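Please read the following points with the structure open beside you, and look up each residue as it is mentioned. The note goes from one site to the overall build, and then to single residues.

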Amino acid sequence: MDISTVDPSDSGAFNAWYAAYVAATSHGRTDTPVWEKGELLALLLEDDDHRTWEREIAAAVDGDTVVGSAWIDWPMKDNLNRGEFILGVVPDARHRGVGAALYEHVATRLAARHRTVLATRVNQPVDGPSAPGSRFLERRGFTKVNVDARRVLPMPVAPERLARLHDEAAGEADGYTITTWVGACPERYGAQYARLKSLLSTQAPLGDSVYEPESWDVDRLRNEERLLARQNRVSVTALAVADDGAPVGHTQIVLPKGRDHAFQWDTLVLPEHRGHRLGMLLKVANVRALNNLDASCRRVTTWNAVSNDAMNAVNDALGYRTVEVTEDWEKQGREPLPAM
């Protein structure tokens, strides 16, 4: 068995890797959220001048067959000690050392990039036996640092339900307005919205994860918007604005065009503006906008820390249901290798 880096511009090699990635990621799971091939290629082939993360993929090959996949990425603007990865082994090739070989490849590649914090995730069923990934990571010195619930919201949400939730929350939000947009952030909010996005990494509950504030500015915001366009995705955003004109919270849903499955991204309200039901108002406004944008959307998937009681209560009220648990695992990696 050989482990090698895959060139995403090589269609044959990429297609074989992608088939293994989907087979490994989807096995034994419900309503599995996997990247579409075109979305993933746009991400991997992003222009060097615009990307804020470096990424590479690797394949475990037995004979002529790809039996395992690795996805490695590491941030370049912040968190410069951190590297993240996802491993997958196709069902028929499990318990043959494929995962161990892929992990050694990943750890070596990230050590060469001076990454001393390694991070990954394990998906667990809500009920039933634990997935073996947790034991695999424990044996290699990883610690579970956070637990998220993956939840799904059936769409469309009834307008009457959204109206009721809005009316229940609006009385506590005097002095605030909610505005929404589809696509690129309006210019007048660009700098302040970028600041809100920079705060998510420290304001959202991340358990014991070793994560520093992210570095965001208008250029990074616009680069993300251009990437979404290349991926054929559309974003729907709601922004809470205080009576002095300052944005104080936001939420965002991303919908791949032509698919019936959207994804909830950031949601954040600044600490000094919490307690006014802005989280509910933001999410109601954004779900309503998604209802109006694409009637073919049938579900929205989100991930929330199980410890985030306030956001989980909002999601419960909207109608989200838990379908899976996602564990975050981290370890202090091996000593960095000399500069490449």
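1. The second largest pocket of this predicted model has a volume of about 150 Å³. Its lining is made up of D48, D49, H50, R51, T52, K77, S215, D217, D219, R220 and N223, and when these residues are sorted by class, 7 are charged, 4 are polar and none is nonpolar. On the display, you may find it helpful to colour the lining by class, with D48 and K77 among the residues to look for.

2. Turning to the protein as a whole, 9 helices and 12 strands are found in it. The radius of gyration is 21 Å, which is close to the 20 Å that the globule rule gives for 340 residues, and the protein is therefore as compact as a globular protein of that length. Along its principal axes, the C-alpha trace spans about 65 × 40 × 35 Å.

3. How much of the protein counts as buried? Of its 340 residues, 51% do. As for the contacts with a separation of 6 or more, 72% of them are accounted for by residues that lie 24 or more positions apart.

4. T326 belongs to strand β12, which covers residues 321-332. Because residues under 20% relative accessible area are called buried, T326, at 1% relative accessibility, counts as buried. Its side chain makes a polar contact of 3.0 Å with the side chain of N123. Not counting residues up to four places away in sequence, T326 touches R121, V122, N123, N146, V147, D148, R150 and W303, so that N123 appears both in this list and as the polar partner.

5. Is H105, in helix α3 (residues 98-112), buried or exposed? With a relative accessible area of 15%, H105 is buried. Once residues up to four places away in sequence are left out, the residues that H105 touches are I3, T5, E56, A58 and I72.

6. D2 lies in strand β1, which runs over residues 2-6, and with a relative accessible area of 54% this residue is exposed. Leaving aside neighbours within four places in sequence, D2 is in contact with A59, A60 and V61. A separation of 34 Å lies between the C-alpha atoms of D2 and L228, two residues that are 226 residues apart along the chain.

Definitions and conventions:
Residues numbered from 1 in each chain as written. Predicted model: local features only at pLDDT ≥ 70, side-chain atom pairs only at ≥ 80, totals over all residues. Heavy atoms only, no water. Helix = DSSP H or I, 4+ residues; strand = E, 2+ residues; numbered from the N terminus. Buried < 20%, exposed > 50% of the residue type's maximum accessible area, 1.4 Å probe, protein only. Polar contact = N/O pair within 3.5 Å; in protein donor to acceptor, adjacent residues only side chain to side chain. Contact = heavy atoms within 4.5 Å. 1 Å grid on protein atoms, 1.4 Å probe; cavity = no way out; pocket = protein on both sides within 12 Å on 5 of 7 lines; lining within 4 Å. Points joined across faces, edges and corners; volume = space filled by probe spheres on them. Nonpolar A, V, L, I, M, F, W, Y, C, P; charged D, E, K, R; others polar. Rg over C-alpha atoms; globule rule 2.2 N^0.38 Å.
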